[in-house]
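User: I have a model open and some labels attached to it. I would like to know how each label is earned.

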Amino acid sequence: MDFFERMLYPCRWGLTLSVLAIFLGFLIGGLFGANEDALKNHLKTEGQAVLSTVYQNDEAAMNKTVAKSWSYLKRAHLHAGAIGAAALALLLLLGALPVSYISKLFNSWLIGLGALIYPIFWLLAGLKAPGLGSTHAAKESLNWLAIPSAGALLIGTFLIFLLCLKVCFQPKSRY
């Protein structure tokens, strides 16, 4: 195993999940480009199916939720690409740090899972909201997905920051 493989091997799952997150962002963007009207119509159809029961025939409220749902889909697209790319950079940095295999493996999973799952939260919230009657209700129904994934990203990033501090600012007798 060469140096590059040896350094990155413990990060392999997080790197893979980060690239998958980036791919998800590209895929969502491609779907927007190919089927934007169909996606918007789907959201509207979901809202119209519950117009009388959930929205009490208030079309303005339904249209507001459908519009915000569309913005959540765009948010999923942007988060997948941006967080995936940031996660990839963090994990390449982590791979280069002279820290333990376990530190790399643990942080890799935190960052990789968070990078992939957090955008999926926004995607699902955007798709669920019209049928639930509000984006707030959609987000609340998916807290079980949002909180752990965002937490994994925050904790993993903070731990990598601490590892950077340790490696970069620890006194070295050999210099």
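Analyst: What follows takes the labels in turn, and the model is a predicted one.

User: Let's start with the helix pairs. Why is α2 called roughly antiparallel to α3?

Analyst: Helix α2 covers residues 12-49 and helix α3 covers residues 59-96. They pack at an angle of about 170°. The cut-off for roughly antiparallel is over 145 degrees. The angle passes it, so α2 is roughly antiparallel to α3. Their axes are 7 Å apart.

User: What kinds of residues make up the contact of α2 with α3?

Analyst: The contact divides into 20 nonpolar, 11 polar and four charged residues.

User: How do you know that α3 and α4 are roughly antiparallel?

Analyst: The same test applies, with over 145 degrees as the cut-off. α3 and α4 pack at an angle of about 170°, with axes 7 Å apart. They are therefore roughly antiparallel to each other. The residues of this contact divide into 20 nonpolar, nine polar and two charged.

User: What makes Leu24 a buried residue?

Analyst: Leu24 sits in helix α2. Its relative accessible area is 15%. Buried means under 20%, so Leu24 is buried.

User: Which residues does Leu24 touch, leaving out those up to four places away in sequence?

Analyst: Leu24 touches Ala80, Leu116, Pro119 and Ile120. Leu116 is 92 residues from Leu24 along the chain, yet their C-alpha atoms are separated by 8.1 Å.

User: Leu20 is also in α2. Why is Leu20 called partly exposed?

Analyst: The relative accessible area of Leu20 is 39%. Partly exposed lies between the 20% limit for buried and the 50% limit for exposed. The value falls in that range, so Leu20 is partly exposed. Leu20 and Ala115 are 95 residues apart in sequence, but 8.9 Å apart in space, C-alpha to C-alpha.

User: And what makes Asp37 exposed?

Analyst: Asp37 is another residue found in helix α2. Its relative accessible area is 58%. Exposed means over 50%, so Asp37 earns the word exposed. Asp37 and Ile155 are 118 residues apart in sequence and 38 Å apart in space, C-alpha to C-alpha.

User: Now the loop between α2 and α3. Why does Val50 count as buried?

Analyst: Val50 is placed in that loop, between α2 and α3. Its relative accessibility is 18%. The limit for buried is under 20%, so Val50 counts as buried. Val50 touches Tyr55, Pro130 and Gly131, not counting residues up to four places away in sequence. Met62 is 12 residues from Val50 in sequence and 9.1 Å from it in space, C-alpha to C-alpha.

User: How do you know that Gln56 and Asn57 are exposed?

Analyst: Gln56 has 56% relative accessibility. Asn57 has 54%. Exposed means over 50%, so Gln56 counts as exposed, and so does Asn57. Gln56 lies in the loop between α2 and α3, and Asn57 has its place there too.

User: What is the phi of Gln56, and what is the phi of Asn57?

Analyst: Phi of Gln56 is near 50°, a positive value in a residue other than glycine. Asn57 has a positive phi of about 60°, although it is not a glycine either.

User: Next, α6. What makes its length close to the expected one?

Analyst: Helix α6 runs over residues 143-169, 27 residues in total. From first C-alpha to last it reaches 38 Å. At 1.5 Å a residue, 39 Å is expected. The two values are close.

User: Which helices do the buried residues of α6 pack against?

Analyst: They pack against α3 and α4. Among these buried residues are Leu145, Leu153, Gly156, Ile160 and Cys164.

User: Why is there no disulfide between Cys164 and Cys168?

Analyst: The sulfur of Cys164 has its closest cysteine sulfur in Cys168, 5.4 Å away. A disulfide needs sulfur atoms within 2.5 Å. The gap is therefore too far for a bond. A search of the whole structure finds zero disulfides.

User: Cys164 and Cys168: which is buried and which is exposed?

Analyst: Cys164 has a relative accessible area of 17%, so it is buried. Cys168 has 54%, so it is exposed. The limits are under 20% for buried and over 50% for exposed.

Conventions:
Residues numbered from 1 in each chain as written. Predicted model: local features only at pLDDT ≥ 70, side-chain atom pairs only at ≥ 80, totals over all residues. Heavy atoms only, no water. Axes fitted to C-alpha atoms, helices over the stretch in contact; angles between N-to-C directions. Helix = DSSP H or I, 4+ residues; strand = E, 2+ residues; numbered from the N terminus. Parallel < 35°, antiparallel > 145°, perpendicular 65-115°, else oblique. Nonpolar A, V, L, I, M, F, W, Y, C, P; charged D, E, K, R; others polar. Expected span 1.5 Å × (residues − 1). Buried < 20%, exposed > 50% of the residue type's maximum accessible area, 1.4 Å probe, protein only. Contact = heavy atoms within 4.5 Å.
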